[in-house]
Amino acid sequence: MAPSLSKVSSGTTTVVDGGHGQSPITIEGSNFVANGHAFLSDVPDNVTLTPSAYPCFSTGESVSAVGAFVRFDALESSCRHVVPIGKLKNIRFMSIFRFKVWWTTHWVGSNGGDLEHETQIVILEKSDAGRPYVLLLPLLEGPFRASLQPGRDDNVELCVESGSTKVTASSFRSVLYVHVGDDPFSLVKDAMKVIRTHLGTFRLLDEKTPPGIVDKFGWCTWDAFNLTMNPQGVMEGVKGLVEGGCPPGLVLIDDGWQSIGHDEDPITKEGMNCTVAGEQMPCRLLKFQENYKFREYLSPSSSYKGMGAFIKDLKDQYKTVDYVCVWHALCGYWGGLRPNVPGLPENKIIKPELSPGFQMYEGLHSYLEKVGIDGVKVDVIHLLEMLSENYGGRVDLAKAYYKALTASVRKHFNGNGVIASMENSNDFMFLGTEAICLGRVGDDFWCTDPSGDPNGAFWLQGCHMVDCAYSSLWMGNFIHPDWDMFQSTHPCAAFHAASRAISGGPIYVSDSVGKHNFGLLKRLVLPDGSILRCEYYALPTRDCLFEDPLHDGKTMLKIWNLNKYTGVIGVFNCQGGGWCRQSRRNKCASEYSHRVTTKTNPKDIEWKSGKNPISVDGVQVFALYFSEAKKLVLSKPTDNIEIALDPFNFELIIVSPVTVLPGKSIQFAPIGLVNMLNCGGAIQSLAYDGSQSSVRIGVQGAGEMRMFASEKPKACKVDGNDVGFVYEDTWLLFMCPGLVGLDCPQLTTCLVWWFRGNGYLKPFLSLSNYSFKD
């Protein structure tokens, strides 16, 4: 009999002993054991284990067994407990930890002492001897929140805290969850389903619909203006992108539109003389309405004025702009609301932070909806944990804020019109994602190092990639990952563009007005302002999970994603800097910044992932298109292709299963629009007709369409009209404006596959560890 759950008066969900389920996770002697293999030793006597009361969830074909909750009792009641739960010795782990209050990144090691403080999730590597992957997931329990950290003598410590000296406890029953499985990706997903049922405070991404902005190219005003933003400048920025052939579908009006002031200034004085980024931090919000620059906007086509007139003119003049969103902080502004201001909720300043006022969202969002704003970017979210002493602790304060925010978003912005930012902590994931389903998963795009290192323009870009890719393994279960904006004229712009193209999230830039790399942007943006977005969200490949792609000098970051009919692999050399334990910040590590070599093959893609998995059962051959080298390689599923890249260079590989037409001997694989970075994303429909020896493809966008075909087609039609095409060495090429149909001849069996590589033909069947270097 599995244990049951009951609610106690405090609202805490408590596991109540009622027997033991058949969990593979046990304590034997003084060891935590999974499937008979110890993974933590010297477990203290006050730490015990309770099998999960929830049913076994399974993703795909992975084996997902019943998990277990870790419980402990302390000698005294306190607002903060640091408890060793056992020693970790010589087992490789990957983890996600908060290296800033707002942001998380990836960290690896083999012992308990290798962990970092504020670790949100740990996965222990499986062993050849039979130990499965083991997930350690700190949770919320009542008004307490947990994280993991390093302890003495390689102990793993569990830190449990309320955030208020007035909120104390001594006994915890479900503050850490342990789950095991044989697939690292399914392991995390299955565990999150259990916790979704256990906590009941959030919804998984699969249960929600991301906002429409994820399918649009966007322009953010922040780097273009900082706080000097004005309506005319925004209009000019959109105009420049439209005239350059990259019209935005989203305009994100960042910090700089609100009415703010310093405490020492009269409430009638707006402090928009703060023009340098950072100088606005002490300011507080004076009113929900826009500042004077937008308030005084006069429409040239009507008698209307203000923000509403500006938004209407912007959308009327530039028809691709479907969404206009604005920035605001969770508490209104960086410093919150100004006290004693008519029209704002009652509030006060405490040492010197702002106390909560929940009428704020209704007042702010109702006005924004009225003037035509489609959504909001909510920033500075994890300020709350610093304000919780007198408000029931961090969990209860966060619940109150997120409940109010969620209600307002549902009322004014379709329930999903939010980008969450500066929110990378389990408090938000477990409490703030009932409706919110899009959020940032990594630190800001830093065009230069704020600490002054001139090399930061390069190595910080690698940090950004790793932050986003690995944090998505955890946060992608709650929110659709947003990899942040970038600048198309930055020295590493193509590096960023490639990652955004296959991230599966929104793509937006923060270019200065008139300063764009249109050649690069046109590889991301379609003429109608839409993008070729992947079906899933990008994650690291299995062989990267327990490696260090930032400063081990040997590991390439490889990420994978799925389109409707193709997979994609991104390969990035990010080596050269990252988290430094000694200085406690990101730091250059130039000794590791050099050419790196890796291997890849079609099995790097997790084909069975997402709502629309791609079946590759029985596929014997894949067509791999290298977007930067512009080469096609045919590969068996397990054939390795070697890639070598210099620092901060990349390669994108579209992986297309080769299909044999039913009843025929014709082999075919679509690649996509090769003028686009995510060229495989252009393929929206694909149908094979063996009786007619034809292939019909629906294509989004226009440009150079390429495919692999074992024989030359006899005809190519676009929307029913014959068009010319080029066929050379199994390459099929034509300029594609829309829907395509290929009528292939009925030919005899092709006994040998051929492909183009390094300028000469070579039988496919001899392919083995093909080397492909830039």
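Which residues is phenylalanine 310 in contact with, leaving aside its neighbours within four places in sequence? The legends below start from the whole chain of this predicted model and then come to that residue and several others.

**Figure 1. The whole chain, with its eleven helices and 51 strands.** Here is the setting for the close-ups that follow. Of the 774 residues, 62% count as buried. The chain exposes about 27700 Å², and carbon and sulfur atoms supply 50% of that area. Among contacts between residues at least 6 apart in sequence, 71% join residues at least 24 apart.

**Figure 2. Phenylalanine 310 and the largest nonpolar core.** Back to the opening question: apart from neighbours within four places in sequence, phenylalanine 310 is in contact with Pro231, Val234, Met235, Ile253, Phe294 and Tyr297. The core itself has 192 residues, and Ile195 and Phe310 are the two that touch the most other members. Helix α9 gives the most to this core, contributing eleven residues. There is also a second, separate core of 34 residues, with Ile25, Phe72, Val175 and Val180 among them. As background, nonpolar side chains tend to be buried together in soluble globular proteins.

**Figure 3. Helix α1, residues 184–199.** Take a moment to check the length of this helix: at 1.5 Å a residue, its 16 residues should span 22 Å, and the end C-alpha atoms are 23 Å apart, which agrees. Most of α1 is covered, with 13 of its 16 residues buried. At the start of the helix, aspartate 183 brings a side-chain oxygen to within 2.9 Å of the backbone nitrogen of phenylalanine 185. Just after the helix comes glycine 200, with a positive phi of about 65°.

**Figure 4. Serine 471 in helix α9.** Helix α9 covers residues 456–475, and this view settles on one of its serines. Serine 471 counts as buried because its relative accessibility is 0%. Its side chain makes a polar contact of 2.8 Å with the side chain of threonine 104. Not counting residues up to four places away in sequence, serine 471 touches Ile96, Thr104, Thr105, Val441, Val466 and Gly476.

**Figure 5. Serine 499 in helix α10.** Another serine, this time in the helix formed by residues 493–503. Serine 499 has 0% relative accessibility and therefore counts as buried. A polar atom of its side chain lies 2.8 Å from the backbone oxygen of histidine 496. The side chains of serine 499 and arginine 500 are joined by a polar contact of 2.9 Å. Look also for Met465, Trp483 and Phe572, which serine 499 touches when residues up to four places away in sequence are not counted. Asparagine 678 is 179 residues from serine 499 along the chain, yet their C-alpha atoms are separated by 9.7 Å.

**Figure 6. An open sheet of six strands with antiparallel pairing.** Following the sheet across, the order is β29-β30-β31-β38-β35-β36. Strands β29 (539–540) and β36 (631–635) are the edges, each pairing on one side only. Strand β35, residues 622–626, pairs with β36 in the antiparallel sense over five bridges. If you would like one bridge to find by eye, try phenylalanine 626, whose partner in β36 is lysine 631. In general, strands of a sheet pair through backbone hydrogen bonds, either parallel or antiparallel.

Note on methods:
Residues are numbered from 1 along each chain as its sequence is written. This is a predicted model: local features need pLDDT of at least 70, side-chain atom pairs count only at pLDDT 80 or more; totals for chains, interfaces and linings use all residues. Side-chain values use heavy atoms; hydrogens and water are left out. Helices (H or I, at least four residues) and strands (E, at least two) are DSSP runs, numbered from the N terminus. Buried means under 20% relative accessible area, exposed over 50%, partly exposed in between (1.4 Å probe, protein chains only). A polar contact is a pair of N or O atoms within 3.5 Å; within protein, one must be able to donate a hydrogen and the other to accept it, and residues adjacent in sequence count only if both atoms are side-chain atoms. Contact means heavy atoms within 4.5 Å. Accessible areas come from the Shrake-Rupley method with a 1.4 Å probe; for residues, only the protein chains shown count as cover. A nonpolar core is a set of buried Ala, Val, Leu, Ile, Met, Phe, Trp, Tyr and Cys residues joined through side-chain atoms within 4.5 Å. The expected span of a helix is 1.5 Å times one less than its number of residues. Two strands pair if DSSP finds at least two bridges between them.
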